[in-house]
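Here's a quick tour of one helix and the neighbours it packs against, with a word on how far to trust the model.

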Amino acid sequence: MPSLSEQQRADLLDELAPLRRFCLSLTGAAADADDLLQVTVERVLDKGMPADADARKWAYRVCKNAWIDELRSREVRQRYPQQAAGDEEAEAPSAEDSAVGERALEAVSRALDRLPDEQRLALTLVAVEGKSYAEAAEILEVPVGTIMSRIARARRHLLDNRSLQRAVER
Amino acid sequence: MTETISTDDFQQLSAYVDGELHGVQRQQLEARLAAEPALAATLAALREQQAQLRAPFQGAGEAVPAHVRALLEKGNNVVSLPTRRGGYWQGRPLHRLAVAASLLAAVGLLALPRWQAGSDSEALLSLALETLPSRATGWHELEDGQRIRPMLSFPHQNGQWCREYLLDAGDAHTHGIACREAGAHQWQTTFSVAWEPSDESNAYRPASAHDHRDVAAWIDAHAADIALGASQEAELIANQWQ
């Protein structure tokens with residue numbers, strides 16, 4: 001696959017800010033978002049993209065795949081019995097570590113964590129990133145109608161469980 | 001609260017919030033919204049939800065790290081910092097992990113650790129990898145005082161079994177991959193990098209925090225499949241990796 005054209009490189013640079021926000025909405029923590037962003041950019045640079053690809057959409061797709069890879073790798077790691085205790089420890093933030101803004105971020109992320117991955121991705125791309133349904137469909141490689149129904153299911157889940165409200169009020 | 005709203009109506013409301021409902025459908029929905037309080041209440045709830053979803057991410061894009069930006073800038077000659085592979089999920093305390101990443105970058109690739117020079121230590125490590133299950137935290141102490149933590153087992157493309165591990169030799173800390181010579185019961189380290197405990201008070205934090213991009217890249221490049229689950233691994237250990 002060819003390396004990036006100058007235009008693709010420039011487009012990707014322009015897209016870094018929203019892409020980092022996307023990373024943050026997937027990982028829920030700033031340092032993790034930075035890592036995911038870095039992995040995404042490295043993968044794009046390493047593997048290139050087709051000459052006619054839109055770098056802005058391509059990068060989101062690479063980012064989504066990197067995140068899914070990490071989720072799978074986490075699943076594997078969690079199968080080890082010793083992991084469970086360690087994980088809970090790591091996931092419980094101390095009061096000092098969390099500023100108010102970080103707590104809100106963690107709370108919303110916890111609500112999003114309960115959604116199926118494909119619903120979370122569709123909802124995040126559209127509701128947080130402001131992508132159109134057509135753009136989200138292209139990034140996630142599914143039909144527009146699928147995007148529409150995944151987003152609706154995600155929203156209904158969040159409303160019915162009041163997970164977002166509880167998360168924000170806490 | 002949305003139980004009275006049909007799936008179709010909810011989907012229309014959701015698309016409406018996103019500005020994705022057009023033409024006749026939009027007009028029809030707007031007419032119904034004026035006449036049906038339950039529909040209007042759900043729309044209001046969806047809009048509130050939208051605001052709640054967006055709020056924590058305002059301004060998140062302003063903090064693109066300079067070293068990531070530099071990767072893309074024209075004519076750059078930047079060596080990227082290692083990320084904490086597998087560490088997305090153990091991101092606290094974040095500031096300390098960030099320090100760990102920069103330390104790893106500073107330490108970089110080191111010379112082979114002493115046990116690779118051929119010694120009893122090497123045999124002890126090999127035995128440990130042959131017989132111990134992977135673990136996410138904690139250490140197994142070898143007879144010579146070194147401590148090991150096998151982390152993952154996976155198949156190499158060449159048919160060998162390989163294991164990712166951390167080794168704490170007191171003065172040297174290694175994050176490596178060892179692969180098993182078929183039939184020889186010998187584990188040979190094929191790739192390793194140094195890692196550095198981040199501080200004295202918390203010298204042995206979870207393995208993933210030390211995880212290193214180069215190790216991750218090596219696994220990505222050589223693994224034939226994803227890592228083994230605990231039961232598969234236990235079975236292999238019991239059968240001497242046959």
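## Ground rules

Helices here are DSSP runs of H or I with at least four residues, and strands are runs of E with at least two, all numbered from the N terminus. With that in hand, look just past the end of H8(A): A:Arg162 has a positive phi there, about 50°. Keep in mind that this is a predicted model.

## Helix H8 of chain A

H8(A) covers residues 144-160, which makes 17 residues. Does the length add up, and what span should we expect at 1.5 Å a residue? The expected figure is 24 Å, and the end C-alpha atoms sit 24 Å apart, so the two agree.

A good part of the helix is buried. The list takes in A:Ile147, A:Met148, A:Ile151, A:Ala152, A:Ala154, A:Leu158 and A:Leu159, and it also includes the arginines A:Arg150, A:Arg153, A:Arg155 and A:Arg156.

## Packing within chain A

Helix H7 of chain A (residues 133-140) meets H8(A) with the axes coming within 8 Å and crossing at roughly 100°. Since 65 to 115 degrees counts as roughly perpendicular, that's the label for H7(A) and H8(A).

H7(A) brings A:Tyr133, A:Ala134, A:Ala136, A:Ala137 and A:Leu140 to the contact, while H8(A) answers with A:Val144, A:Ile147 and A:Met148. By type, that contact has eight nonpolar residues, no polar and no charged.

## Packing across to chain B

H8(A) also packs on helix H3 of chain B (residues 37-54), at an angle of about 95° and with the axes 11 Å apart. H8(A) is therefore roughly perpendicular to H3(B).

From H8(A) come A:Arg155, A:Leu158 and A:Leu159, and from H3(B) come B:Ala45, B:Leu46 and B:Gln49. This contact splits into four nonpolar residues, one polar and one charged.

## Chain B overall

Chain B has nine helices and five strands. Along the sequence the order is α-α-α-α-α-α-β-β-β-β-β-α-α-α. Of its 242 residues, 38% are buried. Among contacts in chain B with a separation of 6 or more, 48% join residues 24 or more positions apart.

## How far to trust chain A

Chain A has an average pLDDT of 83, with 79% of the residues at 70 or above. Where is confidence lowest in chain A, and where is it highest? The low point is helix H4 (residues 81-91), with a mean of 43, and the high point is H7(A), at 96. Over residues 81-97 of chain A, pLDDT stays under 50, and the model has 20 contacts beyond four places in sequence for that stretch.

Methods. Residues are numbered from 1 along each chain as its sequence is written. Chains are lettered from A and ligands numbered from 1 in the order in which they are written. This is a predicted model: local features need pLDDT of at least 70, side-chain atom pairs count only at pLDDT 80 or more; totals for chains, interfaces and linings use all residues. The expected span of a helix is 1.5 Å times one less than its number of residues. A residue is buried if 20 or more other C-beta atoms lie within 10 Å of its own, exposed if 12 or fewer, and partly exposed in between; C-beta atoms are placed from the backbone. Axes are lines fitted to C-alpha atoms, for helices over the stretch in contact, and angles run from 0 to 180 degrees between N-to-C directions. Angles under 35 degrees count as roughly parallel, over 145 as roughly antiparallel, 65 to 115 as roughly perpendicular and the rest as oblique. Two residues are in contact if their C-beta atoms, placed from the backbone, lie within 7 Å. Ala, Val, Leu, Ile, Met, Phe, Trp, Tyr, Cys and Pro count as nonpolar, Asp, Glu, Lys and Arg as charged, and the others, Gly among them, as polar. pLDDT is the predictor's confidence in each residue, from 0 to 100.
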